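Reader: Please take a close look at one strand of this model and describe it in its setting. I should like to follow its pairing, its side chains and the parts packed around it.

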Amino acid sequence: LTLWRIPGALKEEVSDVKKPPVLLVAGLQADGMQWVFHRPDLAHAFILSKGGYDVWIINNRGTRWSDTHTTLSNKSYEYWQWDWEEMGTKDLPATIDHIIAETGFESVSYIGHSMGTTQLLAGAALDPEYFNKKINLAVFYAPPFSIKNSPSTSDRIASNPHILPII
């Protein structure tokens, strides 16, 4: 996993003031660029940074910024054997714990888009005690219910459990 950090706004003087951390998690078929790829006055990450937050952006498994593994090739079948549940129960806690250790705060705010909401919902459903303690606010942009009616062919294929093992 790759984690980006924007601890302050451009040209902001460094100070000892601790800023509350916020974690941004991108949607399906997207990566952390979704939060920064715009003018600074419109990009979520820069708006939050300018607003006094310590911004953290995770690049989920399989994205161009998180496509390596310590022992597996990203071209191997085994590399791709994970799902939203693992992203919610393994990746998010590891990321959140790292942010808490780095910042000294006891919890983080969370903003997820699409699959980023699914990850938190999966993790919180399976480990509510952890997420109730570590997430102080969750904001969900476009939480998906199902992707089987998506206009994207790859989404429709991925949503069919009978087709995926064939591919």
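Author: **A strand and its surroundings**

Pro 21 of strand β2 has Asp 54, in β3, as its bridge partner. The model is predicted: local features need pLDDT of at least 70, side-chain atom pairs count only at pLDDT 80 or more, and totals for chains, interfaces and linings use all residues. Residues are numbered from 1 along each chain as its sequence is written, and side-chain values use heavy atoms, with hydrogens and water left out. Helices (H or I, at least four residues) and strands (E, at least two) are DSSP runs, numbered from the N terminus.

A further link between β2 and β3 couples Leu 24 to Ile 57. The two strands run parallel and are joined by five bridges; strands pair if DSSP finds at least two bridges between them. β2 is also parallel to β4, with four bridges joining them, and here Leu 23 has Tyr 110 as its partner. The connection from β2 through α1 to β3 forms a right-handed β-α-β unit, a term that applies if, with the strands pointing away from the viewer, the path from the first strand over the helix to the second runs clockwise.

These pairings belong to an open sheet of five strands, arranged β1-β3-β2-β4-β5 with mixed pairing. Its edges are β1 (2-6) and β5 (135-141); each has a single partner strand, so one side of each is left without a neighbour in the sheet. From one strand to the next, the twist averages 20 degrees.

How many residues of β2 are buried? Five of its five residues are, and the strand is mostly covered; buried means under 20% relative accessible area, exposed over 50% and partly exposed in between, with a 1.4 Å probe and protein chains only. In a regular strand the side chains alternate between the two faces of the sheet. In β2, Pro 21, Leu 23 and Val 25 point one way, whereas Val 22 and Leu 24 point the other, and all are buried.

Two helices pack against this part of the fold. α2 lies across β1, β2, β3, β4 and β5, running at about 155 degrees to β2. Helix α3 (residues 115-126) packs on the sheet and touches β2, β4 and β5, its direction making about 130 degrees with that of β4. Contact means heavy atoms within 4.5 Å; axes are lines fitted to C-alpha atoms, for helices over the stretch in contact, and angles run from 0 to 180 degrees between N-to-C directions.

Leu 23 of β2 also has a place in the largest nonpolar core, a set of buried Ala, Val, Leu, Ile, Met, Phe, Trp, Tyr and Cys residues joined through side-chain atoms within 4.5 Å. Of its 14 residues, Leu 23, Leu 92, Ile 96, Tyr 110, Phe 131 and Ile 135 touch the most other members. Two or more residues come from each of β2 (21-25), β3 (54-59), α2, β4 (108-113) and α4 (128-134), with the largest share, four residues, supplied by α2. Leaving out residues up to four places away in sequence, Ile 96 touches Leu 23, Val 108, Tyr 130, Phe 131, Lys 134 and Ile 135. Leu 24 belongs to a second, separate core of eleven residues, which also includes Ala 26, Val 36 and Ile 57.

The structure holds two aromatic pairs. Rings of Phe, Tyr and Trp (its six-membered ring) pair if their centres lie within 6.5 Å; planes under 30 degrees apart count as stacked, over 60 as edge-to-face and the rest as tilted. Trp 35 and Tyr 141 have ring centres 6.4 Å apart and planes at 35 degrees, so this pair is tilted. Trp 35 lies in the loop between β2 and α1 (44-50) and Tyr 141 in strand β5, so the pair ties together parts that are 106 residues apart in sequence. Trp 35 is buried at 1% relative accessible area, whereas Tyr 141, at 33%, is partly exposed. The pair of Tyr 130 and Phe 131 is edge-to-face, with 5.0 Å from centre to centre and 80 degrees between the planes. Both residues are buried: Tyr 130 has a relative accessible area of 14%, and Phe 131 has one of 4%.
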